[in-house]
Amino acid sequence: MEKRWWKESVVYQIYPRSFCDSNGDGIGDLNGITGKLDYLKELGIDVIWLSPVYKSPNDDNGYDISDYQAIMDEFGTMEDFDRMLATAHEKGIKIMMDLVVNHTSDEHKWFIESRKSTDNPYRDYYIWRPAKEDGSLPNNWGSCFSGPAWEYDKTTDMYFLHLFSKKQPDLNWDNPAVRQDVFDMMNWWLKKGVDGFRMDVISLISKEPGLPDKETGINGYATFNVSANGPHVHEYLQEMRQKALNNADTITVGECSGVTLEEAKKYARSDEKELNMVFQFEHMDVDSDEKAGKWTTRKMDLRNLKKILTRWQKGLQDIAWNSLYWENHDQPRSVSRFGNDNPAYRETSAKMLATCLHMMQGTPYVYQGEELGMTNAYFTELKDYRDIESIQYFHEYTEAGIYTPEYMMKCLMLRGRDNARTPMQWDDSANAGFTTGTPWIKVNSNYPKVNAKQEISDPDSVFSYYKKLIRLRHENEIIVYGDYKLLAPEDEALFIYTRMLGTQRLMVLCNFTEKEVSIPAEVTEQIPADAKLLIGNYSKQKEEMLQAYEARVYAYHLKILEKKKHPRLV
Ligand code: TEU
Ligand code: CA
């Protein structure tokens with residue numbers, strides 16, 4: 001397997017609005033980030049993925065961009081950006097920008113022109129269609145944020161396509177001028193010295209010709225994923241690679257909604273013609289409902305999670321490269337979702353989840369606060385939610401009688417994106433040290449207990465555990481490059497796998513439940529008595545048993561094992 005620096009890196013995602021506010025207006029900003037780079041250095045990460053910082057009217061918190069080459073007023077200035085970039089580089093940290101080019105804001109100059117007339121030079125930058133002959137919408141596609149994906153514009157008596165909010169019109173990538181403008185903009189940022197791009201819903205850029213009707217979901221619209229992996233997407237990404245990405249030594253990850261394993265092999269193939277890796281979503285759908293999607297209170301079945309992650313681990317091995325994540329700004333907190341955020345288990349289960357993910361093959365992503373074991377905020381009133389998706393769906397589902405308000409609120413509490421967007425918990429002072437003003441979204445009430453200041457000084461904290469995991473990855477090639485193999489696939493409580501590199505072995509054992517569970521014999525037999533415990537989240541292990549949410553990683557060399565009846569485990 002080819003060695004690459006981006007395979008050996010750990011990426012940390014910053015959601016600037018919620019990270020650190022330097023001037024007391026209640027909104028995180030670039031100077032706030034610069035001030036916290038030493039914290040990230042201490043954690044040991046290599047790359048920052050910065051969620052959008054460009055000029056934006058903030059209909060979708062910066063994922064609606066009105067100027068790709070300017071900084072959002074609330075976040076600071078271009079000088080602030082340059083200082084942040086230079087300081088990060090001095091500390092050996094790379095910066096990966098969020099590239100949001102499936103759509104722009106409706107306040108972008110291209111769209112302002114486009115909507116003026118059917119013969120405007122920018123008309124073809126977006127996707128315009130007339131109503132059907134019977135007066136109905138051009139097709140049955142839905143917006144990711146509820147309702148139809150079409151908005152009527154009376155100036156030209158036509159509809160424009162928006163797979164996200166109506167303030168996020170989709171760009172027409174079939175137009176070569178659009179592609180060239182995007183590549184020019186990317187080159188401008190590369191010239192500035194940024195180190196790569198995370199590409200927002202890049203799997204959606206090539207729409208199926210004719211924009212045909214598709215099968216509909218619970219609200220009567222086809223999901224936005226109908227546009228995934230369209231006919232020209234690989235061609236356009238190869239062009240992007242040649243005309244922009246190859247001008248620097250970049251790290252790239254495509255956020256690929258609706259990506260299949262077979263498609264991922266094309267996006268992230270090791271021949272390096274498109275992207276380095278993709279974010280796939282199958283493990284994020286492990287607790288989704290077939291019809292209602294994410295809006296459900298279902299819990300996952302561990303066997304499915306193992307099956308999905310194992311398919312991706314094995315499927316891409318030697319062919320492409322995985323990204324590894326439990327969290328980002330669109331997902332609830334992982335300790336609340338896959339672990340247990342009850343104070344009795346919060347820290348242990350957060351460390352277990354971290355172990356399970358960071359020992360796999362791929363580039364791990366840590367989302368701000370994940371390294372502290374931050375939990376869901378569980379806001380119970382709609383007025384505390386800020387996310388357009390949660391608010392719009394709440395209205396749509398309750399007004400149409402699809403869900404009762406009580407049930408829909410439960411769904412928001414478990415799945416809403418704002419769970420990940422509450423301010424970063426720096427210390428136990430007012431507003432968790434995030435701001436001296438009024439935060440734009442409420443702080444999670446558990447900040448007096450869960451915060452960075454407390455965890456940095458505690459060698460047993462979740463933070464210290466992440467630090468160790470990241471260091472281990474930097475020191476052990478097997479964690480980066482070793483082959484993966486799942487053990488005990490049918491076990492409902494334990495996630496166990498090995499990694500293999502030459503004669504080296506790692507055995508990763510994770511208990512996803514609060515019960516004590518015995519380790520299957522087929523596993524204990526493989527661990528030699530002199531195996532070294534590389535990392536674990538309990539100070540005392542029990543032989544042949546994993547305690548509640550326990551995780552252990554053993555390192556050893558393969559040798560012909562004498563079959564012992566009770567090999568010593570600890
Ligand atoms: O997300 C697109 C996407 O596919 C999602 O993760 C989606 O937001 C989520 O499933 C909704 O439940 C990207 C960004 O990460 C997200 O923040 C933006 O809102 C969206 O694109 C539009 O730019
Ligand atoms: Ca601020």
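Guide: A polar contact is a pair of N or O atoms within 3.5 Å. The model discussed here is predicted.

Visitor: How far does a polar side-chain atom of Lys294 lie from an oxygen atom of ligand 1?
Guide: The cut-off for a polar contact is 3.5 Å. The pair made by Lys294 and ligand 1 falls within it. A polar side-chain atom of Lys294 and an oxygen atom of ligand 1 are separated by 2.7 Å.

Visitor: What is the distance from an oxygen atom of ligand 1 to an N or O atom in the side chain of Asp330?
Guide: Take His329 before turning to Asp330. A polar side-chain atom of His329 is 2.9 Å from an oxygen atom of ligand 1. For the side chain of Asp330, the distance from an N or O atom to a ligand 1 oxygen is 2.5 Å.

Visitor: How much of the area that ligand 1 exposes when taken alone does the protein bury?
Guide: Start from ligand 1 on its own, which exposes 490 Å². Then put the protein back as cover. The share of that area buried by the protein is 95%.

Visitor: Which residues come nearest to ligand 1?
Guide: The surroundings of ligand 1 hold 20 residues. Two that come nearest also supply the polar atoms described above: Lys294 and Asp330. The full list of nearest residues is Asp60, Ser257, Lys294, Asp330 and Glu389.

Visitor: How many residues of the shell around ligand 1 are charged?
Guide: Split the shell around ligand 1 by residue class. Seven residues are nonpolar and four are polar. The charged ones number nine.

Visitor: At what distances is the calcium ion (ligand 2) coordinated?
Guide: The donors come from Asp21 (OD), Asn23 (OD1), Asp25 (OD), Ile27 (O) and Asp29 (OD). Along the chain they follow the spacing D-x1-N-x1-D-x1-I-x1-D. These donors coordinate the calcium ion at 2.2 to 2.3 Å.

Visitor: Is Asp25 buried, partly exposed or exposed?
Guide: Compare two of the calcium donors. Ile27 has a relative accessible area of 10%, so it is buried. Asp25 has 36% relative accessibility, so it counts as partly exposed.

Visitor: What is the relative accessible area of Asp29?
Guide: Asp29 sits in the loop between strand S1 (11-14) and helix H1 (30-35). Its C-alpha atom is 9.6 Å from that of Tyr15, 14 residues away along the chain. Asp29 is buried, with a relative accessible area of 3%.

Visitor: How far apart in space are Phe434 and Asp21, C-alpha to C-alpha?
Guide: Phe434 belongs to the loop between helix H12 (405-415) and helix H13 (452-456). It is buried, at a relative accessible area of 0%. In sequence, Phe434 and Asp21 are 413 residues apart. In space, their C-alpha atoms are separated by 5.9 Å.

Visitor: Is the ring pair of Phe145 and Phe164 stacked, tilted or edge-to-face?
Guide: The aromatic pairs in the model come to 35. In this one, the ring centres are 5.7 Å apart and the planes meet at 65°. Planes over 60 degrees apart meet the criterion. The pair is therefore edge-to-face.

Visitor: How far apart along the chain are Phe145 and Phe164?
Guide: Both residues are buried. Phe145 is in the loop between strand S6 (128-129) and strand S7 (150-153). Phe164 is in the loop between strand S8 (158-161) and helix H5 (176-192). The pair links distant parts of the chain, 19 residues apart.

Visitor: What is the relation of the rings of Phe495 and Phe512?
Guide: Phe495 lies in strand S15 (residues 494-501), and Phe512 in the loop between strand S16 (504-511) and strand S17 (517-518). Phe495 is buried at 0% relative accessibility, and Phe512 is buried at 8%. The ring centres are 6.1 Å apart and the planes lie at 35°, so the pair is tilted.

Visitor: Which side chain makes a polar contact with the side chain of Ser165?
Guide: Ser165 lies in the loop between S8 and H5. At 3% relative accessibility, it counts as buried. At 2.5 Å, its side chain contacts that of Asp59.

Visitor: What is the length of the polar contact that joins the side chains of Asn102 and Lys207?
Guide: Asn102 is in the loop between strand S5 (94-99) and helix H4 (109-114). It is buried, with a relative accessible area of 0%. A polar contact of 3.0 Å joins its side chain to that of His103. The contact with the Lys207 side chain spans 2.9 Å.

Key. Residues numbered from 1 in each chain as written. Chains lettered and ligands numbered in written order. Predicted model: local features only at pLDDT ≥ 70, side-chain atom pairs only at ≥ 80, totals over all residues. Heavy atoms only, no water. Near = heavy atom within 4 Å. Polar contact = N/O pair within 3.5 Å; in protein donor to acceptor, adjacent residues only side chain to side chain. Areas by Shrake-Rupley, 256 points an atom, 1.4 Å probe, with all protein chains shown as cover. Nonpolar A, V, L, I, M, F, W, Y, C, P; charged D, E, K, R; others polar. Donors = N, O, S within 2.8 Å, 3.2 Å for Na, K, Ca; no water. Buried < 20%, exposed > 50% of the residue type's maximum accessible area, 1.4 Å probe, protein only. Phe/Tyr/Trp six-rings, centres within 6.5 Å; stacked < 30°, edge-to-face > 60°. Helix = DSSP H or I, 4+ residues; strand = E, 2+ residues; numbered from the N terminus.
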